[in-house]
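Trainee: Hey, have you got a few minutes to go through this structure with me? I'd like to just ask things as they come up.

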Amino acid sequence: MDTVVSGIRSTGQLHLGNYFGALRNFIKMQHDARCFFFIADYHSLTTHPDPRILHDNVRNVLAEYLAAGLDPSVATIYVQSDVPQVAELSMLLSMHAPVGELERTASFKDKIRKHADNVNAGLLTYPVLMAADILQHKADKVPVGKDQEQHLEMTRVYARRFNSFYGVEYFSEPAAYNFGTELVKVPGLDGSGKMGKSEGNGLYLSDSDADIRKKVMRAVSDSGPTAPGEPMSEPVANLFTLLKLVSAPSTVEHFAASYNACEIRYGDLKKQLAEDIVAVVAPIRERIEAVKADEAFLRRVTADGAEKARESSAKTLAQVREIMGIRRF
Ligand code: TRP
């Protein structure tokens with residue numbers, strides 16, 4: 001069975017794009033592989049979050065993933081900082097991470113450009129810590145988006161370099177977990193592009209029914225089809241994409257037919273779309289609230305997850321120390 005490791009950013013609420021994108025695949029994947037999911041709170045420190053809100057961010061993200069369907073009885077779910085072994089492994093791996101290579105990382109260059117006032121060493125060694133996250137569990141596969149591909153490539157470089165420097169076949173090279181064609185691009189409500197946090201066009205798993213209805217009714221559309229067979233504008237095509245994700249096939253067919261007959265009323269489509277989104281989101285939102293309020297459950301999940309992750313990490317760390325020549329008297 002493959003081992004899969006995935007780090008989850010500890011900021012921001014989950015939107016429908018996250019849910020129908022990676023998250024639904026995680027929920028499926030957890031039954032097919034030995035999965036480690038963790039909240040990457042150490043990584044988040046590179047951008048100096050307010051210490052008063054860091055823990056709440058971790059808690060919110062954790063609650064949302066659990067509420068959406070990550071299952072602690074099948075996957076190992078933990079908080080990165082509960083496994084401090086990863087910091088030691090990262091430090092050891094950094095001995096084989098040339099600074100020039102780190103400085104050329106796209107994400108680092110991007111951060112320098114955007115936050116010239118905060119170019120800290122943690123940012124520089126971000127990919128080393130990420131490699132330690134992955135290598136500590138001897139992951140075979142890592143589900144990553146485009147923006148993380150270079151980091152995963154660096155992880156492979158560190159694994160290879162470690163093996164060749166010490167003359168061992170210790171680390172294997174983790175591959176990108178490919179969801180294949182299943183990964184859907186979920187559009188936003190502003191007419192173009194995909195749903196995203198910074199775009200302000202999102203529907204969140206924590207949104208109330210009223211929020212959802214309001215946002216959907218305000219979604220960008222167009223002035224309506226004028227001739228049958230006319231190609232659909234992007235805003236309207238986006239509404240249909242959302243409809244296909246949440247509504248029954250017969251509903252999609254109904255609105256497609258009325259569009260083709262130039263009889264569509266976008267208000268009707270939006271009303272239906274809003275109700276079908278509410279039907280998906282409301283039960284998740286209620287679980288999010290219940291999970292957030294259940295301190296004992298969160299404590300138990302993170303304690304169990306940390307214990308399993310530490311066991312896996314400590315084993316790797318002991319072997320790495322041995323290979324590097326660190327021995328006890
Ligand atoms: N850097 C990843 C992101 O921003 C999060 C992450 C940290 C991660 N460690 C990881 C992802 C290990 C996969 C594996 O999304």
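**Chatting through the model**

Mentor: Sure, and we can start in a loop: Asn201 sits in the loop between β5 (175-176) and α10 (209-217). Keep in mind that this is a predicted model.

Trainee: Okay, is Asn201 buried or exposed?

Mentor: Buried, because its relative accessibility is 4%, and the cut-off for buried is under 20%.

Trainee: And what is Asn201 in contact with?

Mentor: Leaving out neighbours within four places in sequence, Asn201 is in contact with Gly188, Leu189, Asp190, Lys194, Met195 and Gly196. With Lys194 there's a polar pair too: a polar atom of the Asn201 side chain lies 3.3 Å from the backbone oxygen of Lys194.

Trainee: Let's zoom out. What does the secondary structure of the chain come to?

Mentor: It comes to 14 helices and five strands. The chain has 329 residues, and 46% of them count as buried.

Trainee: What box do the C-alpha atoms fill?

Mentor: Roughly 80 × 45 × 40 Å, taken along the principal axes. The accessible surface of the chain is about 16,400 Å², with 52% of that belonging to carbon and sulfur atoms.

Trainee: Which domains does the assignment give?

Mentor: Domain 1 is 3-185 + 294-323, and domain 2 is 209-289. The contact between them takes nine residues from domain 1 and nine residues from domain 2. Their C-alpha centres lie 36 Å apart.

Trainee: How much of the contacts is between residues 24 or more positions apart?

Mentor: They account for 78% of the contacts with a separation of 6 or more.

Trainee: Now the ligand. Which residues are around it?

Mentor: Ser6, Gly7, Arg9, Phe38, His43, Tyr126, Met130, Asp133, Ile134, Val142 and Gln148. By type, that shell divides into five nonpolar, four polar and two charged residues.

Trainee: Which element gives the most to the shell?

Mentor: α8, with four residues. β1 (3-8) and α8 (126-135) each supply at least two.

Trainee: What about polar atoms, which side chains have one lying by a ligand nitrogen?

Mentor: Tyr126 has a polar side-chain atom 2.7 Å from a nitrogen atom of the ligand. For Asp133, an N or O atom in the side chain is 2.8 Å from a ligand nitrogen. There's an oxygen case as well: a polar side-chain atom of Arg9 lies 3.0 Å from an oxygen atom of the ligand. As for cover, the ligand taken alone exposes 370 Å², and the protein buries 94% of that.

Trainee: Back to α8. How many of its residues are buried?

Mentor: Nine of its ten residues, so α8 is largely enclosed by the rest of the structure. Among the buried ones are Pro127, Met130, Asp133 and Ile134. You've already met Met130, Asp133 and Ile134 in the list around the ligand.

Trainee: And β1, which residues does Val4 touch there?

Mentor: Val4 is in strand β1. Not counting residues up to four places away in sequence, Val4 touches Met29, Ala33, Arg34, Cys35, Phe36, Lys141, Pro143 and Tyr177. Val4 is buried, with a relative accessible area of 0%.

Trainee: How far is Val4 from Lys185?

Mentor: Their C-alpha atoms are separated by 23 Å, and the two are 181 residues apart along the chain.

Trainee: New topic: phi angles. What sign do most residues have?

Mentor: Most residues other than glycine have a negative phi. His48 has a positive value, near 55°, and isn't a glycine. Lys138 isn't a glycine either, and its phi is positive at about 50°.

Trainee: Where do His48 and Lys138 lie?

Mentor: His48 is in the loop between α2 (41-44) and α3 (51-68), while Lys138 is in the loop between α8 and β4. His48 counts as exposed because its relative accessibility is 54%, and the line for exposed is over 50%. Lys138 is partly exposed, with a relative accessible area of 31%.

Trainee: Last one: where is Gly145?

Mentor: In the loop between β4 (141-142) and α9 (149-166). Gly145 is partly exposed, at a relative accessible area of 35%. The C-alpha atoms of Gly145 and Glu88 are separated by 27 Å, with their positions 57 residues apart along the chain counted as the separation.

Note on methods
Residues numbered from 1 in each chain as written. Predicted model: local features only at pLDDT ≥ 70, side-chain atom pairs only at ≥ 80, totals over all residues. Heavy atoms only, no water. Near = heavy atom within 4 Å. Polar contact = N/O pair within 3.5 Å; in protein donor to acceptor, adjacent residues only side chain to side chain. Areas by Shrake-Rupley, 256 points an atom, 1.4 Å probe, with all protein chains shown as cover. Nonpolar A, V, L, I, M, F, W, Y, C, P; charged D, E, K, R; others polar. Buried < 20%, exposed > 50% of the residue type's maximum accessible area, 1.4 Å probe, protein only. Contact = heavy atoms within 4.5 Å. Domains from an automatic or database assignment.
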